[in-house]
Number of protein chains: 2
Amino acid sequence: MSELHPSAISINTINPNVKLMEYAVRGPLVIRAAEIEEELKHGVRKPFDEVIRANTGDCQAMGQAPITYIRQVLSLALRPELLEVVNCPSDIKERVRTLLNGCNGGSLGSYTGSLGIEFIRRYVQQFLGERDDVPSDYRDIILTTGATQGIKSILQLLKYERWKSNLFQIKISIFKTTAVPLVIKKTGIMVSVPQYPMYSATIVEQGMHLVSYFLEEETNWGLNINELKRAIDEAKEVCIPRAIVIINPGNPTGQILTRANMEEIIKFAYEENLVILADEVYQNNVYEDRIKFNSFKKVLVEMGEPYKNMALASFMSCSKGYTGECGLRGGLVEIFNFPADVKTMFYKSLSAQVCPNTVSQAAIFCLVNPPREGEPSYELFMEEKTKVLKSLKERAQLVHEVFNSFEGFSCTTIQGAMYAFPQFKLPPKVIELANERGMPPDQFYAFELLENTGVCIVPGSGFGQKPGTYHFRTTILPKIDKLKVMLEKIKSFHTDFIAKYR
Amino acid sequence: MSELHPSAISINTINPNVKLMEYAVRGPLVIRAAEIEEELKHGVRKPFDEVIRANTGDCQAMGQAPITYIRQVLSLALRPELLEVVNCPSDIKERVRTLLNGCNGGSLGSYTGSLGIEFIRRYVQQFLGERDDVPSDYRDIILTTGATQGIKSILQLLKYERWKSNLFQIKISIFKTTAVPLVIKKTGIMVSVPQYPMYSATIVEQGMHLVSYFLEEETNWGLNINELKRAIDEAKEVCIPRAIVIINPGNPTGQILTRANMEEIIKFAYEENLVILADEVYQNNVYEDRIKFNSFKKVLVEMGEPYKNMALASFMSCSKGYTGECGLRGGLVEIFNFPADVKTMFYKSLSAQVCPNTVSQAAIFCLVNPPREGEPSYELFMEEKTKVLKSLKERAQLVHEVFNSFEGFSCTTIQGAMYAFPQFKLPPKVIELANERGMPPDQFYAFELLENTGVCIVPGSGFGQKPGTYHFRTTILPKIDKLKVMLEKIKSFHTDFIAKYR
């Protein structure tokens, strides 16, 4: 490296926020998992044959079949020449023609408006309106490259710093007088602990302040308003709290918030002047019959004055639910009660991101415009959709049951989303050893699990957890047979591990 | 708006950089063009039948046909069930199988590594190696969501601010003593004038400092080293210059830099410790037989010590060239001589963006792995590719000739890219009128052109130009017949306009 031109780019002269940020879901364990896969390919002997990637909600990578309807539409839209030739249901052809009519030059190869293709946004309007029984407006709906891009764009919009009232400080010691840089009050964003670490990563990357509030494991990961108040009051010293992120259904925690809890949260956000950022990407992953997913927008509107005028952004995706099209990166944001001049600025900032991928937009089109009863594709579509959701539900119940049968494990009900987040006890010796190696004890556990069984999970420390508690997140996505094998592997590893370090 | 919850989000409390940024390519003219299209649809009478969108390099929107090879691969990769059924060339099927083998779970619906699918990055390595006759390394190649995302990510990485040495200032006037916030030296990024305004937009959005250098229209938009020195020396007062952006082939200016000029630029960047950001997305759009595109990496390596050790990032896309797949948002970055620890940080920041769209990655796969001689798809592929490039060449020559025949117009040779950027004179009365309306004179001209002819171009002020000169950018993308009509419309508008305001 010594030959490098000095200082044009070096670790000391890059963005300090980039250096600070962390993203555990794609962190060191995942890197090691990939290395192990390579080693296996090259014949290195291990106590297992394959790596089971239970670290990300990557449905199709774990064998979930794509919904035929979606793939038929996308495939034909990319090759419209085949419309006249190929034998496929009339509603598919109709969808493809509608889609291409909405594209400039009739092609998915053209740029679209920066907010996405208008007619698709109108379908989203109808879809959200029907979901909530509350009106929606396509002019407030933006198609994005995955929900991630939408979340990042909204967070960037909210960035607003102020100087603290004491504009500068001078430190005088015996030997010298030093002027110390002024203190900036950063933008505060409230995020749960545990959380999906894309939030903490983005907040740090953008130079904002993460205001963490603990979820209550005892009340199935509910939000306790006293805890929210504690978190925001402490944070006000160093930041200007601007927004609260709520992930519902929960990631990594799998809870679905009760309506009563949502109302409390909305009142809290109202009192504290916070924009509500509702991460609702798992809205189609609900596994308890008696539970209904309510969007924050619906609850807020139904609460009436003054809450129905609160600013909110809600995020949705085609990566989750029964579609599971993670690789297509289709997402959408609905903003609500943003003032017109703010919207203008937001839309301007999106325009410099050019436009979302057309195929991802087409996937959202399919998601919000599924085959209707009576259409030729309806039966197959419903069969596939039901099958995926039924199987996820079975796996959610299985994982929950099995984890609770492990010594020292406790796992809350998986009401929604795609993950289990069990708590487990670790012997003092493990904690000591992990400290020596400079890693959190649950990361030590996760590495040992990976090296011994090939099972790749994400330690709770990557999502955050109450001090002194240990968790990990595993997806429930492996197919049922493999899932059973995986649970068996974790069980026997855990038993040995505890015996070894007791 | 009065009912809105006060201050949760308002124009006064959003990101000031978002308020400052501008992006002319999707600015007010384009918004007005869309309105006019709506008006035409609703039967409003205009002196024209359709809007001609010559404002963006949107190939397929202007009728360019997609390359069959690419669409066959993408379409089948989304519906692999058809591989056994459908009748298509064996090399297409082989590409689809290779592609899906490289995807987790064999599906485009799965997430990929954050840097893109590894085997595609290896194909890019081979492609770039052959292009430059200089080695490339897939570990330095990143697939991105359009070149735009890559550019934005690199710019963010380079953001590094310092306090100016005078750490604070106190202003004392007769009535009060005021402490004035400390002055920050922002990150300086050198960008040409004219430029592609995504650069200025992103630089402003990220709170960096735009260091503008003028291109020399007289030497076919070459870079004059004295001008680069002037620009950087003036900027050093207020910023830390970190990088120089060079767009080659030029956008909006259409030049291809000579090798001698590139060597001068590299030496300048070396002396000034700048990272070279080479925007080479138009590398396949070269219209003069005697001219060869050279990548900055090639020239820098061939210059030997000490230049071959300089840090560089080069950007490429499937939106331009003969592919023109703008909507698919496929891009790539090759970084070169970035220290290992910087790369680690950069890759970590990309991981929190999850991963680029798989279909866009597949499009890059096709771009760097076209049918080879002897393969069944080769002939059709070459026929289509040659046809597109030949036609673009004809249009480049036509536009150049015709503009130079207009009174008061001068247009440099369009050696590459997809645009003409003619200079034209405006009568003093126009300048006066435009000033009265608070808009640049060439924007006034562009609005008049749009309202009278339906032709939508981007005024030179959107890209930057020497004070007192006026330009506009038009694409050369309309099909030849429509292009002739468009040029005719501009000519007769221009004649009337000059007559009216003389």
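This briefing describes how two chains are arranged and packed in one structure.

The model is predicted, and the predictor assigns the complex an ipTM of 0.94 and a pTM of 0.94. Chain A has a mean pLDDT of 93, with 94% of its residues at 70 or more. Chain B superposes on chain A after a rotation of 180°, and the contact between the chains takes 88 residues from each of chain B and chain A.

**Symmetry of the two chains**

- The rotation of 180° that brings chain B onto chain A is accompanied by 0.0 Å of shift along its axis, and the RMSD is 0.0 Å.
- This is therefore the relation of a two-fold axis.
- Within chain B, Ser75(B) has the C-alpha nearest the axis, at 2.2 Å from it.
- Both copies use the same surface, since 100% of the contact residues of chain B recur in chain A.

**The interface between chain A and chain B**

- Chain B contributes 88 residues to the contact, and chain A contributes 88 residues.
- On the side of chain B that touches chain A, two or more residues come from each of helix 1 (16–20), helix 3 (68–78), helix 6 (146–158), helix 7 (198–205), helix 11 (340–351) and helix 12 of chain B.
- Helix 11 of chain B supplies the largest share of that side, namely seven residues.
- By class, the side of chain B that touches chain A comprises 43 nonpolar, 33 polar and 12 charged residues.

**Helix 3 against helix 3 across the interface**

- Helix 3 (residues 68–78) of chain A packs with helix 3 of chain B at an angle of about 175°, and the two axes are 8 Å apart.
- Angles over 145 degrees count as roughly antiparallel, so helix 3 of chain A is roughly antiparallel to helix 3 of chain B.
- From chain A, the residues making this contact are Arg71(A), Leu74(A), Ser75(A) and Leu78(A); from chain B, they are Arg71(B), Leu74(B), Ser75(B) and Leu78(B).
- The contact of helix 3 of chain A with helix 3 of chain B has four nonpolar, two polar and two charged residues.
- Ser75(B), one of these contact residues, is also the residue of chain B whose C-alpha is nearest the axis.

**Helix 5 and helix 12 within chain B**

- Helix 5 (residues 118–132) and helix 12 (residues 358–368) of chain B have axes that come within 9 Å and cross at roughly 30°.
- Angles under 35 degrees count as roughly parallel, and helix 5 and helix 12 of chain B are therefore roughly parallel to each other.
- The crossing of helix 5 of chain B and helix 12 of chain B is left-handed.
- Helix 5 of chain B makes the contact through Ile120(B), Tyr123(B), Val124(B) and Phe127(B), and helix 12 of chain B through Gln361(B), Ile364(B), Phe365(B) and Val368(B).
- Seven nonpolar residues, one polar residue and no charged residues form the contact of helix 5 of chain B with helix 12 of chain B.

**Backbone features in loops**

- The peptide bond from Asn248(A) to Pro249(A) is cis, with omega near -5°; Pro249(A) is in the loop between strand 8 (239–247) and helix 9 (259–271) of chain A.
- Val193(B) and Pro194(B) are joined by a cis peptide bond with omega about 0°, and Pro194(B) is in the loop between strand 6 (184–193) and helix 7 of chain B.
- Asn337(A), although not a glycine, has a positive phi of about 60°.
- The loop that holds Asn337(A) runs between strand 11 (330–336) and helix 11 (340–351) of chain A.

Key: Residues are numbered from 1 along each chain as its sequence is written. Chains are lettered from A and ligands numbered from 1 in the order in which they are written. This is a predicted model: local features need pLDDT of at least 70, side-chain atom pairs count only at pLDDT 80 or more; totals for chains, interfaces and linings use all residues. Copies are superposed by least squares on the C-alpha atoms of residues with pLDDT of at least 70 in both. Two residues are in contact if their C-beta atoms, placed from the backbone, lie within 7 Å. Axes are lines fitted to C-alpha atoms, for helices over the stretch in contact, and angles run from 0 to 180 degrees between N-to-C directions. Helices (H or I, at least four residues) and strands (E, at least two) are DSSP runs, numbered from the N terminus. Angles under 35 degrees count as roughly parallel, over 145 as roughly antiparallel, 65 to 115 as roughly perpendicular and the rest as oblique. A crossing is left-handed if the near helix is turned anticlockwise from the far one by less than a right angle, and right-handed if clockwise. Ala, Val, Leu, Ile, Met, Phe, Trp, Tyr, Cys and Pro count as nonpolar, Asp, Glu, Lys and Arg as charged, and the others, Gly among them, as polar. pLDDT is the predictor's confidence in each residue, from 0 to 100.
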